[in-house]
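Please open the model in a viewer and keep the sequence panel beside it. The tour goes from the whole chain to single residues.

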Amino acid sequence: MKKLILTGLTCAMASTAYAQIESVTAVTTPNGLGQRVTQAVVNYPENTCLTAVQKTDFSVENRTITGVTLNDAKCVNQLVLALDPQDADAATTEKLGNDRSAPYTERHISLTVKQVNSLASQSGQVKPSEFTSSKVINQVVDDFQQAEFKDESGVVVKYNLFVPKNYDPKKAYPLVMFIHDAGSTNSNVKHTLLQGNGATSFAGPEWQAKHPAFVLAPQFDHAIVNDKSEDPADLEPTINLIKSLAKQYNIDPNRLYTTGQSGGAMMSIAMNIKHPDFFAASYIVAGQWEPSVTAPMAKNNIFVLVSENDAKAFPTENEIMKVLAENGATVKESHGWNAQAPVTELNEKVNALLAQGGNIHYASFTGGTLPMEQNSQSKGAAHMGTWQVAYNIDAIKEWLFSQRKAK
């Protein structure tokens with residue numbers, strides 16, 4: 001993530017007896033639950049020179065403070081309050097009213113920070129004060145650009161695109177596309193970046209430092225797939241969008257990847273069926289499709305992840321594996337994973353599965369182990385809860401980026 005503690009300023013030893021909070025910036029960060037407000041950056045006047053603070057010296061309205069950090073300047077005028085991402089008010093999107101079918105809308109983000117105790121500084125006490133933020137920094141999300149692609153068919157695809165930092169047109173880069181689920185259907189082009197971390201996990205500085213890549217996240221304002229496994233109308237325009245981007249940028253045609261959750265996974269499956277030679281590899285999360293038509297993707301490199309409590313996706317994926325194996329795929333499976341295990345343990349399970357070889361890798365979580373299942377009685381928790389975990393598993397993403405299409 002971006003470093004938020006700013007460069008220090010030389011301390012002027014003027015009195016800070018009347019110093020008050022000068023500004024507050026809300027900071028959001030990617031999370032499997034969606035983009036969450038996780039920090040409040042609090043600034044005092046330049047000459048404040050704070051010497052010590054505790055999290056109990058502050059309160060943030062409707063939020064839980066989990067820690068506080070002073071910047072490392074000689075004269076400290078800034079601190080960062082860490083906020084619990086599990087707080088209800090941490091979410092950056094919300095549903096308005098009682099209509100469960102209504103789309104999520106982007107929330108107006110503001111943080112009211114109170115300094116409740118006097119603070120020590122090099123030149124006196126800093127008395128309590130209060131300030132409400134007006135500025136928001138959306139880490140990673142702000143690094144995407146938004147645009148529209150009009151296909152020759154007349155279909156318009158709205159999309160978000162992350163261009164690698166220090167992009168060099170003489171160098172070929174991979175591209176990974178993330179396709180959102182049906183519940184994230186929205187007219188706000190940025191919504192796919194806010195509803196989870198399927199796209200942002202590939203665009204964060206840690207991942208990009210290892211794998212500089214383009215990240216494409218289309219945003220659809222209408223249903224793109226259905227349970228009848230009918231050919232999606234947006235399939236060809238989305239493929240053509242990638243081809244168009246490859247004309248604008250130096251994108252390696254042998255390192256194109258697709259991934260998606262639920263409806264987005266279904267679109268990725270449909271793309272693999274219709275264009276089996278287009279992607280180098282695919283990551284399918286909680287997806288399903290009519291098994292009898294999946295034979296064309298039997299030779300593809302695919303990793304499938306699903307919950308065993310997923311009433312539709314799990315039994316359907318079981319049938320898809322049979323069809324792929326019957327048509328020449330080498331399918332390797334590993335089941336019964338604990339979704340609440342540390343990422344290091346899940347990475348080990350992934351690597352053990354990959355070590356078996358094959359081109360189709362199929363894994364599942366034990367029913368009831370997803371964090372969402374622990375906190376919700378909804379029948380959909382086993383389905384929706386899968387992608388809360390899926391894009392935190394680095395070993396699967398490493399496998400995805402290691403695949404190259406044969407030239």
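The stops below start with the whole chain and then move to a cysteine pair and three single residues.

**Whole chain**

Bear in mind throughout that this is a predicted model. Show the chain as a cartoon: its secondary structure consists of 11 helices and 22 strands. Aligned along the principal axes, the C-alpha atoms fill a box of roughly 80 × 50 × 45 Å. The radius of gyration is 24 Å, which agrees with the value near 22 Å for a compact globule of 407 residues.

Next, colour by contact or by burial. Of the 407 residues, 53% are buried. Among contacts between residues at least 6 apart in sequence, 71% join residues at least 24 apart.

Switch to a surface view. The accessible surface comes to about 17700 Å², and carbon and sulfur atoms account for 48% of this area. Then select the charged side chains: 34 are positive and 40 are negative, with the centres of the two sets 5 Å apart.

**The disulfide**

Select cysteine 49 and cysteine 75 and show them as sticks. How far apart are their sulfur atoms? The distance is 2.1 Å, and the two cysteines form a disulfide. The structure holds 1 disulfide, so there is no second one to look for. Look along the S-S bond: its torsion is about -95°, so the disulfide is left-handed.

Now show the flanking strands. Cysteine 49 sits in the loop between β2 (36-43) and β3 (50-52), and cysteine 75 in the loop between β5 (65-70) and β6 (78-83), so the pair ties together parts that are 26 residues apart in sequence. Both cysteine 49 and cysteine 75 are buried.

**Asparagine 62**

Move to the loop between β4 (58-60) and β5, where asparagine 62 lies. Its phi is positive, about 65°, although asparagine 62 is not a glycine. Is asparagine 62 buried or exposed? Its relative accessible area is 55%, and asparagine 62 is exposed.

**Alanine 286**

Select alanine 286 in the loop between β19 (281-285) and β20 (302-307). This residue, other than glycine, also has a positive phi, near 55°. Alanine 286 counts as buried, at 1% relative accessibility.

**Threonine 316**

Finish in helix α6 (residues 313-326), which contains threonine 316. Threonine 316 has a relative accessible area of 18%, and is buried because the cut-off is under 20%. Which residues is threonine 316 in contact with, leaving aside its neighbours within four places in sequence? Select Gln288, Trp289 and Pro291 to display these contacts.

Key:
Residues are numbered from 1 along each chain as its sequence is written. This is a predicted model: local features need pLDDT of at least 70, side-chain atom pairs count only at pLDDT 80 or more; totals for chains, interfaces and linings use all residues. Side-chain values use heavy atoms; hydrogens and water are left out. Helices (H or I, at least four residues) and strands (E, at least two) are DSSP runs, numbered from the N terminus. The radius of gyration is taken over C-alpha atoms; the globule rule is 2.2 Å times the number of residues to the power 0.38. Buried means under 20% relative accessible area, exposed over 50%, partly exposed in between (1.4 Å probe, protein chains only). Contact means heavy atoms within 4.5 Å. Accessible areas come from the Shrake-Rupley method with a 1.4 Å probe; for residues, only the protein chains shown count as cover. Lys and Arg count as positive and Asp and Glu as negative; His and the chain ends are not counted. The place of a charge is taken as NZ of Lys, CZ of Arg, CG of Asp or CD of Glu. A disulfide is a pair of cysteine sulfur atoms within 2.5 Å.
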